[in-house]
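Reader: I would like to go through the labels used for this structure and see what stands behind each one. Could you show it to me before we start?

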Amino acid sequence: MHIDNRISGKTKIICLIGNPVEHSISPILHNTISRFMDIDLAYVTFKVEKNDLETAVKGLKALNIQGFNITVPYKKEIIKYLDENSKNALLMGAVNTVKYMDGRFYGYNTDADGFLRSFREETGESLMGRKIAIIGAGGAARAIAAKAAMEDAKEICIINRTLSKAQEIAEVVNNNIKKTVSCFCTEDANSLDVLDESEIIINATSIGMYPETEFSPVGSFKGFKKEQIVYDVIYNPGKTKFLADAEKAGCTIINGLGMLFYQAVYAYEIWTGIKLPEDILKNMYISIKEQINI
Ligand code: NDP
């Protein structure tokens, strides 16, 4: 029998807190990075109940954890329990990554950088000067809208079921980054014109996610054009109905796996202070795409 010496008394721990967490592929991503890089870190998940978030955060500090990720539904609520949050995380209204340093918790948002990096890697294009439609007005939509404005997008239009949530994002981005965001309610007929006229269409809702894979956030919209780049933040399934419909029209399609991968990479770099080498990242991403069965 071989002894298992992968975890020792020196192993540093990183964790994910959220609810639910069982489905998360973050442990696979982070533990793969540690294995590739030969770094003595182990990544685990903890399901935290609604009223236990503050206690969990205090507990993590008492345990001297190296850092942690936060997922649904706590990305916003966590902000008030941290000692300091980055300017971008505050603009995006969400923290997904926390680093522990000298007795203090520092909050960051790596989702938006993850989105941008995956968009660039998969299309070779930038967001500068582009006309972008974002469907949804939750945490993912806000991070993407803020990033697109920082990248000097020409126009950003947010389409959401609840108009007030889209208006809230428009106000934050227009007042703090660049006056470039307008919004429409999904029901509004003008939202179809927006989809028609956009160069990049992004689904940032959970519509179409497993197990409800038969739905699309744009319903039976038939207007996709082959010049459009269509991005879905969902990665399970790998090809949502939204992406399948866009692909039929000849569009360039991208799913959310790259965003997930690169937000993990940026988080890892924050925790360890190590810049992960490009060639290793490229190989790792190829292996992950091939081997993660979604
Ligand atoms: P939120 O709960 O903050 O927002 C959900 C959004 O989806 C809202 O705009 C909501 O509209 C809309 N929505 C949900 N259900 C419906 C429905 N039945 N009809 C119409 N609109 C609906 O979620 P997040 O922004 O955190 O996450 C959104 C998606 O992004 C999820 O699928 C998540 O897994 C994915 N994600 C992917 C990441 C990645 O790395 N690839 C990173 C982060 C998120 P309303 O405002 O009207 O309620």
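Reader: Why is Lys248 called exposed?

Author: In this predicted model, Lys248 has a relative accessibility of 71%. Exposed means over 50%, so Lys248 earns the label.

Reader: And what makes Asp245 buried?

Author: The cut-off for buried is under 20%. Asp245 has a relative accessible area of 17%, so Asp245 counts as buried.

Reader: How do you know that Asp245 and Lys248 form a salt bridge?

Author: Their closest N and O atoms are 3.7 Å apart, and the limit is 4 Å between a side-chain nitrogen of Lys or Arg and a carboxyl oxygen of Asp or Glu. The pair therefore qualifies. Both residues sit in helix α8 (residues 241-248), and because they are 3 residues apart there, about one helical turn separates them. Elsewhere, salt bridges that share partners join Arg117, Glu121, Glu278 and Lys282 into one network.

Reader: Why can such side chains pair at all?

Author: Side chains of opposite charge can pair when their charged atoms come close. The structure holds 21 salt bridges.

Reader: What makes Glu54 and Lys58 a salt bridge, and how are they placed in their helix?

Author: The closest N and O atoms of Glu54 and Lys58 are 3.5 Å apart, which is within 4 Å. They lie in helix α2 (residues 53-62), 4 residues apart, so about one helical turn lies between them. Lys58 is exposed, with a relative accessible area of 54%. Glu54, at 37%, counts as partly exposed, because that value falls between the 20% and 50% cut-offs.

Reader: How do you know that the pair of Glu151 and Arg120 links distant parts of the chain?

Author: Their salt bridge has its closest N and O atoms 3.0 Å apart. The two residues are 31 residues apart: Glu151 is in the loop between α5 and β8 (155-160), while Arg120 is in helix α4 (residues 111-123). Arg120 is partly exposed, at 41% relative accessibility.

Reader: Let us turn to the ligand. What makes the contacts of Thr162, Lys165 and Gly139 polar contacts?

Author: The limit for a pair of N or O atoms is 3.5 Å. A ligand oxygen is 2.5 Å from an N or O atom in the side chain of Thr162, and a ligand oxygen is 3.1 Å from such an atom in the side chain of Lys165. For Gly139, a polar backbone atom is 3.0 Å from a ligand oxygen. Each of these values is within the limit, so they count as polar contacts. Taken alone the ligand exposes 910 Å², and the protein buries 73% of that.

Reader: Which residues make up the shell around the ligand?

Author: There are 21 of them, and the closest are Ala137, Ala140, Asn160, Thr162 and Val233. The shell divides into 10 nonpolar, 8 polar and 3 charged residues. Helices α5 (139-150) and α9 (257-272) each supply at least two of its members.

Reader: Is Gly136 buried or exposed?

Author: Gly136 has a relative accessible area of 2%; buried means under 20%, so Gly136 is buried. Gly136 is found in the loop between β7 (131-135) and α5.

Reader: Lastly, why is Phe46 called partly exposed?

Author: The relative accessibility of Phe46 is 40%, and the label covers values between 20% and 50%, so the name fits. Phe46 belongs to strand β2 (residues 41-47). Together with Ile13 and Val44, Phe46 makes a nonpolar surface patch of about 220 Å².

Notes:
Residues are numbered from 1 along each chain as its sequence is written. This is a predicted model: local features need pLDDT of at least 70, side-chain atom pairs count only at pLDDT 80 or more; totals for chains, interfaces and linings use all residues. Side-chain values use heavy atoms; hydrogens and water are left out. Patches are made of residues with over 30% relative accessible area and no salt bridge: like charges are joined within 9 Å, nonpolar side chains (Val, Leu, Ile, Met, Phe, Trp, Tyr) within 5 Å. Accessible areas come from the Shrake-Rupley method with a 1.4 Å probe; for residues, only the protein chains shown count as cover. Buried means under 20% relative accessible area, exposed over 50%, partly exposed in between (1.4 Å probe, protein chains only). A residue is near a molecule or strand if one of its heavy atoms lies within 4 Å of it. A polar contact is a pair of N or O atoms within 3.5 Å; within protein, one must be able to donate a hydrogen and the other to accept it, and residues adjacent in sequence count only if both atoms are side-chain atoms. Ala, Val, Leu, Ile, Met, Phe, Trp, Tyr, Cys and Pro count as nonpolar, Asp, Glu, Lys and Arg as charged, and the others, Gly among them, as polar.
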